[in-house]
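User: I would like to go through this model by question and answer. Please give the cut-offs as the terms come up.

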Amino acid sequence: MSRKTTGNFGEAMARKLLEEHGLTHVVSNYRCDLGEIDLIMRDQHRWVFVEVKSRHDEEFAHTLEQITAAQCQRIRRSAQYYLLEHQLNEHTTAMRFDVVAVVVSTQQAKWLQDAF
């Protein structure tokens, strides 16, 4: 399975998991000059910015160990840009940053709310 295929499978699996828990999908693969956000969802009144980490297996490193501080910062900045673009005030808008880690070989997903 190619890297892109693994990523697409992981994002689809993550979206399904989140929707099964009542979140509403807003947009996938949001891109701006500051970075990318894999999924933007709504959890009732709260905006949820989701980083999806997909790996074929966890042989080399745990999936969650692959998230860096710099990556978290890029996601935060991209989220700020998204909110500004949609005329939402980041200081008064409820939001959180979640991570969904997907292991494709076992089709398991772990959802961490408010991960960073």
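User: With which residue does K53 form a salt bridge?

Analyst: This is a predicted model, in which local features need pLDDT of at least 70, side-chain atom pairs count only at pLDDT 80 or more, and totals for chains, interfaces and linings use all residues. Residues are numbered from 1 along each chain as its sequence is written, and side-chain values use heavy atoms, with hydrogens and water left out. A salt bridge requires a side-chain nitrogen of Lys or Arg within 4 Å of a carboxyl oxygen of Asp or Glu. For K53 the closest N and O atoms are 3.8 Å apart, and the partner is E51.

User: Is K53 buried or exposed?

Analyst: Buried means under 20% relative accessible area, exposed over 50%, and partly exposed in between, with a 1.4 Å probe and protein chains only. The salt-bridge partner E51 has a relative accessible area of 6% and is buried. K53 has 10% relative accessibility, so K53 counts as buried.

User: Leaving aside neighbours within four places in sequence, which residues is Q71 in contact with?

Analyst: Q71 belongs to helix α2; helices (H or I, at least four residues) and strands (E, at least two) are DSSP runs, numbered from the N terminus. Its relative accessible area is 14%, so Q71 is buried. Contact means heavy atoms within 4.5 Å. Apart from sequence neighbours within four places, Q71 is in contact with E51, K53 and Q66.

User: What is the distance between the backbone nitrogen of G35 and a polar atom of the side chain of S78?

Analyst: S78 sits in helix α2, residues 69-85, and its relative accessible area is 0%, so S78 is buried. Beyond neighbours within four places in sequence, S78 is in contact with Y30, C32, L34, G35, E36 and I37. A polar contact is a pair of N or O atoms within 3.5 Å; within protein, one must be able to donate a hydrogen and the other to accept it, and residues adjacent in sequence count only if both atoms are side-chain atoms. Between the G35 backbone nitrogen and the S78 side chain the distance is 3.3 Å.

User: Which residue meets R31 in a salt bridge?

Analyst: R31 is exposed because its relative accessible area is 58%. Its partner has 28% relative accessibility and therefore counts as partly exposed, and that residue is E36. The N to O distance is 3.7 Å, and the partner of R31 is E36.

User: How many residues apart in sequence are the parts that D43 and R96 tie together?

Analyst: The side chains of D43 and R96 meet in a salt bridge, 3.0 Å from N to O. D43 lies in strand β2 and R96 in strand β4, so the parts tied together are apart in sequence by 53 residues.

User: What is the strand order of the open sheet?

Analyst: Two strands pair if DSSP finds at least two bridges between them. Strands β1 (residues 24-32) and β2 (residues 35-43) run antiparallel and are joined by 7 bridges; they form a hairpin with 2 residues between them, and S28 stands opposite L39 in β2. The sheet has 5 strands and mixed pairing, in the order β1-β2-β3-β4-β5.

User: Which strands are the edge strands?

Analyst: The open sheet has the order β1-β2-β3-β4-β5. Each edge strand pairs on one side only, and the edge strands are β1 and β5.

User: Which residue in β5 is the bridge partner of V99?

Analyst: β4 (residues 95-103) and β5 (residues 108-112) run antiparallel, with 5 bridges joining them. V100 stands opposite W111 in β5. The bridge partner of V99 in β5 is L112.

User: Which residue in the turn of the hairpin of β4 and β5 has a positive phi?

Analyst: The loop between β4 and β5 includes V104, which is buried because its relative accessible area is 7%. The C-alpha atoms of V104 and D57 are separated by 6.5 Å, although the two are 47 residues apart along the chain. The hairpin has 4 residues between its strands, and the turn residue with a positive phi of about 50 degrees is Q107.

User: In which element is confidence lowest?

Analyst: pLDDT is the predictor's confidence in each residue, from 0 to 100. Its mean over the protein is 90, and 91% of the residues reach 70 or more. Confidence is highest in β1, at 98, and lowest, at a mean of 89, in helix α1.
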